[in-house]
Amino acid sequence: LRKRKKAKSQKLLPRSFRAIAIEGQLYIVKDNKTDLKGKTVLLVDDVATTGSTLIEASKILKNAGAKNVYCYAIAKDLRYN
């Protein structure tokens with residue numbers, strides 16, 4: 001997955017704007033090795049605050065044919081508990 005353009009850090013955005021800010025910003029790099037049909041994918045993120053990035057990435061991967069998408073975050077920002 002890649003971001004379409006360099007976006008500002010989401011950590012400064014209010015919770016209600018995070019899902020909107022990431023929407024449409026991620027895409028799958030298509031090459032000869034990209035075939036997700038029926039595959040299981042593990043997404044790893046450094047910090048999960050609201051989960052917006054993981055949710056958006058999961059949707060894209062599922063739409064590309066991934067059978068299962070599991071998410072793992074190293075840390076949780078407790079300000080958004």
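Which residues does Ala48 touch, not counting residues up to four places away in sequence? They are Leu54, Ala73, Ala75, Lys76 and Asp77. Of these, Leu54 belongs with Ala48 to the largest nonpolar core, to which this account returns after a view of the whole chain.

The structure is a predicted model. The mean pLDDT of the protein chain is 83, and 84% of the residues reach 70 or more. Confidence varies along the chain: helix H1 (residues 15-22) has the lowest value, a mean of 73, while helix H2 has the highest, at 93.

The secondary structure consists of two helices and four strands. Their order along the sequence gives the pattern β-α-β-β-α-β. Among contacts between residues at least 6 apart in sequence, 71% join residues at least 24 apart. Of the 81 residues in the protein chain, 27% are buried. The chain exposes about 6,200 Å², and carbon and sulfur atoms supply 54% of that area.

In soluble globular proteins, nonpolar side chains tend to be buried together. In this model, the largest nonpolar core has twelve residues: Ile22, Leu26, Ile28, Leu36, Val41, Leu43, Ala48, Leu54, Ala57, Ile60, Leu61 and Ala66. Two elements, strand S3 (40-48) and helix H2, each give two or more residues to this core. The largest share, four residues, comes from H2.

Helix H2 therefore merits a fuller description, because its buried residues are several, Ser52 among them at 11% relative accessibility. The helix has twelve residues and reaches 17 Å from its first C-alpha to its last, which is close to the 16 Å expected at 1.5 Å a residue. Its buried residues are Ser52, Leu54, Glu56, Ala57, Ser58, Ile60 and Leu61. Just after the helix, Gly65 takes a positive phi of about 110 degrees.

Two serines of H2 can be examined in turn. Ser52 lies in this helix, and its side chain is joined to that of Thr50 by a polar contact of 2.9 Å. Ser58 is also found in H2, which spans residues 52-63. Why does Ser58 count as buried? Its relative accessibility is 15%, and buried means under 20%. Leaving aside neighbours within four places in sequence, Ser58 is in contact with Leu43, Val69 and Cys71. Leu43 is itself one of the residues of the largest nonpolar core.

A residue outside the helices offers a further point of reference. Where is Thr34 placed? Thr34 is in the loop between strand S2 (26-27) and strand S3. At 28% relative accessibility, Thr34 counts as partly exposed, because that class lies between the limits of 20% for buried and 50% for exposed. Apart from its neighbours within four places in sequence, Thr34 is in contact with Ile28 and Val29; Ile28 is one of the core residues. The C-alpha atoms of Thr34 and Ala64 are separated by 9.6 Å, although the two residues are 30 residues apart along the chain.

Taken together, these details centre on helix H2, which gives four residues to the largest nonpolar core and has the highest confidence in the chain.

Technical notes. Residues are numbered from 1 along each chain as its sequence is written. This is a predicted model: local features need pLDDT of at least 70, side-chain atom pairs count only at pLDDT 80 or more; totals for chains, interfaces and linings use all residues. Side-chain values use heavy atoms; hydrogens and water are left out. Buried means under 20% relative accessible area, exposed over 50%, partly exposed in between (1.4 Å probe, protein chains only). Contact means heavy atoms within 4.5 Å. Accessible areas come from the Shrake-Rupley method with a 1.4 Å probe; for residues, only the protein chains shown count as cover. A nonpolar core is a set of buried Ala, Val, Leu, Ile, Met, Phe, Trp, Tyr and Cys residues joined through side-chain atoms within 4.5 Å. A polar contact is a pair of N or O atoms within 3.5 Å; within protein, one must be able to donate a hydrogen and the other to accept it, and residues adjacent in sequence count only if both atoms are side-chain atoms. The expected span of a helix is 1.5 Å times one less than its number of residues. pLDDT is the predictor's confidence in each residue, from 0 to 100.
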